Amino acid sequence: MSITYKQVAAGVALAFGGLVSAHAATITISCGNNAADVEFCGKFAEEWGKKNGHTVKMYTPPASTTDNLALLRQQFAAKSSDLDVIMIDVVWPGVIKDHLVDLKKYSKGVEKEHFPAIVANNTVDGKLLGMPWFTDAGLLFYRKDLLAKHGVKVPQTWEELAAGAKKIQDGERATDKDFQGFVFQAKAYEGLTCDALEWVYSYGGGTIIDNKGNITINNPQAAKALDQAASWIGTIAPQGVLNYGEEDSRGVWQNGKAAFMRNWPYAWSLGQAADSPIKDKIGVAALPAGTGPGAKKAATLGGWQLAVNKYSKNVDAAASLALYLTSAEIQKKRALGGSYNPTIPALYKDGDIAKANPFMVELLDVFTNAVARPATATGLKYPEVSNAFWDAAHDVLEKKSTGAEAVKKLEGKLKQIKKAKW
């Protein structure tokens, strides 16, 4: 089955000069899909190729993580060897475990340098199926200059965010009618699962399904959280946010058209680029808390791993590349250049990283205490669970359903998916 990834622009397929060994291989790596992913994956893959006499080709996956997983599963079903090294989401190891190489014989224990929780996440049935590449958690980005201009404090609750966003939006629309208070990810895909889990958990509404596999989503606090988010649509957030993914949100934000944004840490370095309209105007904080019983600040755990396709024709070389790219040396370079959060705790004490990305050190507890999606509890059924959750959330955001109606209906849907057990 031929690969259908859109190839990165001309010149991305990298053939390396220098001496080529008798065991030279052509390795295809699937990195991320934004500009920073391309730059900070391809560049270091090229280094590895030059050192080892291999040729590397790079493909970019679909922008949607949901589409990305679906395409990978098609490839695995065909036992395709088109991809060698694959960047996999933190919730995928249990879903695609049968198609990945156990990296333990290659890692020689180096995984002990990484956050134990991430290594545990990547270990299924005793097999290390992915090397931690970078960790992620949802963050609140805000315009420091506009908060100061309009006398708004960094919001500590979602209600404060809504009020502050409205105040800034109203003021800025005097000169810019397209200005928005808040942008986030509300398209019906995995990104909305991440955003909506933050809302629900921050209101004390739980994690959809608990770590014992019990369905917990049908509760008043979860319903309240979804209703609160729905109130933002058409007030502080544009109607179009219902079709926004990460890059859509960042496009509006980085063009100076929004006061607040929920996104992942990668948006920091891009917003601080020399040609960015909002360079040096960006603040980063923990996402707000909800209100009511059990309310707290919450950030969904994200992050990506490098895995090796079991059907690769060059498993040894692919594993070597994966270990090189996830090393402390390369993780530091990626943190400095692309604001990718390292998965190695020692790097958070590195002065260079702290200077380039002050929020990484300041918000370290956000990353270490982020709330996980219920992928471990639901295993192979996680994609169905997530799909049902984002559909329910999207219905509330579209005003097709109330929060209470949505969580009750979702509970029934999840019981059908679960049947006897996950």
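## A walk through two sheets and their helices

Begin at Gly256, the residue that follows α9 and has a positive phi, near 75 degrees. Keep in mind along the way that this is a predicted model.

Now step back and select helix α9 itself, residues 246-254. Its buried residues are Glu246, Ser249, Arg250, Val252, Trp253 and Gln254. Display what surrounds them: the cover includes the strands β7, β8, β9 and β10, along with helices α7 (190-202) and α10 (266-271).

Those four strands are the next stop. They form an open sheet in the order β8-β9-β7-β10, with mixed pairing. Colour β8 (180-183) and β10 (282-285) to mark the edges, where each strand pairs on one side only. Neighbouring strands here are turned by 15 degrees against each other on average, direction ignored. For a look inside the sheet, select β7 (residues 139-143) and β9 (residues 258-263), which run antiparallel and share four bridges. Zoom in on Leu140 and you will find Arg262 of β9 opposite.

Next, move to the other sheet on this tour. This open sheet has five strands in the order β2-β1-β3-β11-β6, and its pairing is mixed as well. Which strands stand at the edges? They are β2 and β6 (131-137); each has a single partner strand, so one side of each is left without a neighbour in the sheet. On average, adjacent strands are turned by 20 degrees against each other, direction ignored. Bring up helix α11 (residues 315-325), which packs on this sheet and touches β1, β3 (85-89), β6 and β11 (301-308). The direction of α11 makes about 145 degrees with that of β11.

Stay with this sheet and select β1 (residues 26-30) together with β2 (residues 55-59): they pair in the parallel sense over five bridges. Two pairs are good to label here. Thr28 has Lys57 in β2 as its bridge partner, and Ser30 stands opposite Tyr59 in β2. Add helix α1 (residues 35-52) to the selection, and you have a right-handed β-α-β unit made of β1, α1 and β2.

Now jump to helix α18, residues 403-418. How far apart are its end C-alpha atoms? They are 22 Å apart, which agrees with the 22 Å that 16 residues should span at 1.5 Å a residue. Show the side chains of the buried residues next: Gly403, Ala406, Val407, Leu410, Leu414 and Ile417. Looking down the axis of α18, you will see them fall within an arc of 90 degrees, so they line one face of the helix. An α-helix has 3.6 residues a turn, so residues three or four places apart point the same way. The buried residues of α18 pack against α8 (220-230) and α17 (382-397). Rotate to the face turned away from the buried side, and the exposed residues Lys408, Lys409, Lys415 and Gln416 come into view. Just after the helix sits Lys419, with a positive phi near 50 degrees.

Two loop residues round off the tour. Most residues other than glycine have a negative phi. Lys108, in the loop between α3 (104-107) and α4 (116-121), has a positive phi near 55 degrees. Ser339, in the loop between α12 (328-338) and α13 (351-356), also has a positive phi, near 50 degrees. Are these residues buried or exposed? Lys108 counts as exposed, at 73% relative accessibility, whereas Ser339 is buried, with a relative accessible area of 1%.

Terms used: Residues numbered from 1 in each chain as written. Predicted model: local features only at pLDDT ≥ 70, side-chain atom pairs only at ≥ 80, totals over all residues. Heavy atoms only, no water. Pairing = 2+ DSSP bridges. Axes fitted to C-alpha atoms, helices over the stretch in contact; angles between N-to-C directions. Right-handed = clockwise from strand over helix to strand, strands pointing away. Expected span 1.5 Å × (residues − 1). Buried < 20%, exposed > 50% of the residue type's maximum accessible area, 1.4 Å probe, protein only. Arc of directions from axis to C-beta. Contact = heavy atoms within 4.5 Å.
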